[in-house]
Amino acid sequence: MFPRGYLFDKKQLFQLWIAEDLIQQHEIRAEEIAGEHFNELVRRFFFQTSNVDMERYVMHDLFHELAESISGPHYCLVENNRNREDKLFTKETRHVSLVCEDVQQPLGFMTNKSKKVRTLLLPGDNLKVISPAIIHKLGKMECIRVLDLSSSTILEVPNSIEKLKQLRYLNLSKTGITSVPDFICKLYNLQTLLLLGCASISILPKDLAKLINLRHLELNQECWRKIARLPPRIGTLTSLHNLHAFPVRREAGYGIEELKGMPYLTGTLHISNLENVVNAADAELNKKENLNTLVLEWSSNEVAGVAGDEAVPAVKVLEDLQPHSELKELKIYHFRGTTFPHWMTSGQLQNLVAVSLKDHRSCKLLSLGQLLLLEKLKIQGMPKLEELQHSDGSYASLTLLKINDCANLTKLPSHLPKLEDVEICYCPKLEELPEKFMPKKLEICGCKLLEALPAPKYSQQLQHLLLQECEDGTLISSIPETSSLKSLVLSNIAKVRAFQKWPHLPGLEALHIRGCKDLVSLSQEASVPFQSFFTSLKFLSIQGCSQLMTLPFKGLPKTLECFTLGSCPNLQSLGPDDVLKSLNALRDLYIKDCPKLQSLPEEGVSTSLEHLVIEGCPLLMERCTKENGGGPDWQKIMHIQDLEIDFIGASSSSID
């Protein structure tokens with residue numbers, strides 16, 4: 001049914017096996033049985049992990065040849081229209097797979113000669129043109145169980161599908177359909193409905209609850225986010241495995257109790273509008289052992305949903321929404337309580353690897369207990385949070401920590417042995433970082449009292465450092481000397497006229513300086529050339545430094561390959577006469593919105609320069625004009641292959 005080398009998606013294969021009744025269901029779920037069979041086939045090398053996509057599988061060539069030889073008259077695979085399709089289709093044909101570019105003709109033969117087809121697959125992502133006449137004929141294939149119309153030209157779900165009462169599997173992914181009609185809900189045997197890549201779908205049919213055999217309903221994540229209202233009585237779909245969004249409403253048939261009888265939910269479940277919950281315990285989340293990610297969200301608008309006097313307290317709701325201990329990721333948004341429930345603070349969810357908390361305006365303390373597997377912790381919008389509490393081993397596996405907008409946070413855990421990715425923003429009362437951690441990526445923004453960065457012995461893995469909205473140069477002066485740092489960003493640093501002392505950063509490849517409105521000079525040390533600190537620098541960007549008047553008088557690093565200079569309205573000079581001529585590795589030069597910059601350096605630019613852009617620099621552009629025999633600087637740049645100079649802007653600009 002599939003061509004040689006086809007990449008199999010394991011989950012899709014399970015869905016097809018179940019639709020074809022190849023899996024005998026006993027006391028455990030059909031998907032679990034399918035998984036056991038699949039793993040056995042992998043152990044026997046029937047399937048092998050693909051070298052192209054590690055999450056997909058290929059069939060071994062020898063097994064593929066064997067399958068072809070014993071497939072018999074019931075199976076028909078059409079590839080690239082090389083075969084005589086009219087001879088392939090017979091009354092005995094039951095399973096059809098079209099891997100050809102033009103599916104129109106073989107579909108015509110199939111609908112005319114093979115009336116009892118049970119399976120029609122269109123593997124591959126190439127666009128398949130299917131005429132309305134063929135679609136109409138498909139409605140007469142009453143035995144069909146598996147219908148794949150993915151990546152086809154259909155723009156709406158064909159009415160003829162309503163007649164396919166035996167249909168178990170319907171794939172409409174990557175088509176132009178914008179809605180799912182109500183008649184789909186008459187296909188009572190339907191188990192799998194695939195709508196991936198149908199980005200316009202935002203409403204599900206109102207009678208969806210009638211599809212009592214539905215196991216898989218798959219849409220893109222953005223479609224789930226757009227669904228503001230689910231069909232009523234969704235809880236009757238007791239076999240459903242994926243329900244990524246559940247907006248709670250107060251009306252009958254829309255309450256959180258609908259989740260009670262849905263034990264097989266897997267993957268992600270996002271429950272929103274929790275202010276409408278009456279009895280959260282009815283959801284029985286603690287029995288949903290196959291959920292990986294749980295998102296719990298109250299409305300961000302304080303007046304949304306139920307009036308405050310009628311609403312169940314948020315603390316009680318969250319307490320009753322305790323998930324199963326197998327949960328891997330927990331996200332909680334807009335929680336209105338002052339304390340977190342015991343199941344969160346006591347570390348009962350021992351399998352958690354990621355926690356995200358956003359917009360909890362009343363919580364002062366946060367303790368997650370000993371979560372030995374926790375790798376990622378994100379906290380945003382907790383203005384009353386004072387301390388991230390911890391005990392020995394609390395964050396032993398934490399590799400990522402992001403904290404944003406916590407105005408009263410004063411203390412972090414002191415020992416985070418595996419922490420690598422750190423982002424701390426707008427925590428104005430935080431005075432120090434963890435004492436012992438070895439980051440690879442560190443971003444600090446708007447932390448006014450923070451005065452020190454990790455010491456050099458803890459900075460030997462640091463590759464990226466961003467310092468933004470610091471009040472003075474204190475943090476800059478504490479940048480550790482390390483050979484591992486590749487990228488350094490200094491943004492919106494106030495009250496700094498010159499960088500006092502640059503650390504020796506021999507491995508630095510990219511330096512961004514932007515929005516430093518008081519900066520007059522890049523370096524205050526006249527005796528030590530600016531370039532000597534950066535012996536590997538390839539990219540230098542200086543943007544939005546309104547007081548900067550000149551570049552370092554001893555020149556720039558010789559290793560520069562790309563130099564960007566923009567929005568420096570008082571810049572008058574690029575530095576010494578040979579500042580650009582001596583940059584033998586320079587390939588790209590961008591100079592924008594520097595209206596007082598008068599000319600290029602006396603000795604011109606490097607012969608290695610391939611791309612030059614000059615915009616918003618009227619004095620400089622006038623000197624670089626080619627018109628009337630060329631301006632004074634034209635000879636310096638005429639050899640450059642790719643020139644972009646806004647001469648129109650130059651002629652219409654003026655300097656105050």
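**Exercise 1. The chain as a whole**

How much area does the protein chain expose, and what share of it do carbon and sulfur atoms supply?

Solution. The model is a predicted one, and every value below is computed from it. The exposed area of the protein chain comes to about 30,000 Å², and 48% of that area is supplied by carbon and sulfur atoms. For the extent of the chain, the principal axes serve as the frame: along them, the C-alpha atoms fill a box of roughly 90 × 65 × 50 Å. The secondary structure is then counted, which gives 13 helices and 28 strands. Turning to burial, the chain has 656 residues, of which 49% are buried. Finally, among contacts with a separation of 6 or more, 47% are between residues 24 or more positions apart.

**Exercise 2. A salt bridge across the chain**

Determine which parts of the chain are linked by the salt bridge between Asp21 and Arg168, and classify the accessibility of Asp21 and of Arg168.

Solution. Begin with the distance: the closest N and O atoms of Asp21 and Arg168 are 3.5 Å apart, which satisfies the criterion of a side-chain nitrogen within 4 Å of a carboxyl oxygen. Next, locate the partners, which are 147 residues apart and so link distant parts of the chain. Asp21 sits in the loop between helix H1 (10–19) and helix H2 (30–43), whereas Arg168 belongs to the loop between strand S6 (146–148) and strand S7 (169–171). For the accessibility, Asp21 has a relative accessible area of 39% and is therefore partly exposed, while Arg168, at 11%, counts as buried. As a last step, look beyond the pair: Asp21 and Arg168 are linked with Arg145 in a network of salt bridges. By the rule applied here, the count for the model is 24 salt bridges.

**Exercise 3. Two further lysine bridges**

Which residue does Lys440 meet in a salt bridge, and which residue does Lys210 meet?

Solution. Lys440 pairs with Glu420, with 3.8 Å between the closest N and O atoms. Lys440 is in the loop between strand S19 (421–425) and strand S20 (441–445), and Glu420 is in the loop between strand S18 (400–404) and S19, so the bridge ties together parts that are 20 residues apart in sequence. Both partners are partly exposed, since Lys440 has a relative accessibility of 32% and Glu420 one of 30%. The second bridge joins the side chains of Lys210 and Asp207, with an N to O distance of 4.0 Å; Lys210 is partly exposed at 43%.

**Exercise 4. Charge and surface patches**

Find which residues form a negative surface patch and which form a positive one, and state how far apart the mean positions of the positive and negative charges are.

Solution. Taking the charges of the whole chain first, there are 72 positive and 80 negative ones, and their mean positions are 5 Å apart. The negative patch consists of Glu431, Glu432, Glu435, Glu451 and Asp472. One of its members, Asp472, lies in the loop between strand S21 (464–468) and helix H10 (474–477), and its relative accessibility of 35% makes Asp472 partly exposed. This value meets the requirement of over 30% for patch residues. The positive patch is made up of Lys115, Lys137, Lys140 and Lys163. Within it, Lys140 is placed in the loop between helix H6 (132–138) and S6, and its relative accessible area of 56% means that Lys140 is exposed.

**Exercise 5. Positive phi angles**

What is the phi of Ser151, and what is the phi of Asp359?

Solution. The reference for this exercise is that most residues other than glycine have a negative phi. Ser151 is not a glycine, yet its phi is positive, at about 55°. Ser151 is part of the loop between S6 and S7 and is buried, with a relative accessibility of 3%. Asp359 also has a positive phi, near 60°. Its position is the loop between strand S14 (354–358) and strand S15 (365–366), and at 17% relative accessibility Asp359 counts as buried.

**Exercise 6. A C-alpha pair**

What distance separates the C-alpha atoms of Leu619 and Cys594?

Solution. Leu619 belongs to helix H11 (residues 618–623) and is partly exposed, at 37% relative accessibility. Along the chain, Leu619 and Cys594 are 25 residues apart, and their C-alpha atoms are separated by 9.2 Å.

How values were computed: Residues numbered from 1 in each chain as written. Predicted model: local features only at pLDDT ≥ 70, side-chain atom pairs only at ≥ 80, totals over all residues. Heavy atoms only, no water. Helix = DSSP H or I, 4+ residues; strand = E, 2+ residues; numbered from the N terminus. Buried < 20%, exposed > 50% of the residue type's maximum accessible area, 1.4 Å probe, protein only. Contact = heavy atoms within 4.5 Å. Areas by Shrake-Rupley, 256 points an atom, 1.4 Å probe, with all protein chains shown as cover. Lys, Arg positive; Asp, Glu negative; His and termini not counted. Charge placed at Lys NZ, Arg CZ, Asp CG, Glu CD. Patch = residues over 30% accessible without salt bridge, like charges linked within 9 Å, V, L, I, M, F, W, Y side chains within 5 Å.
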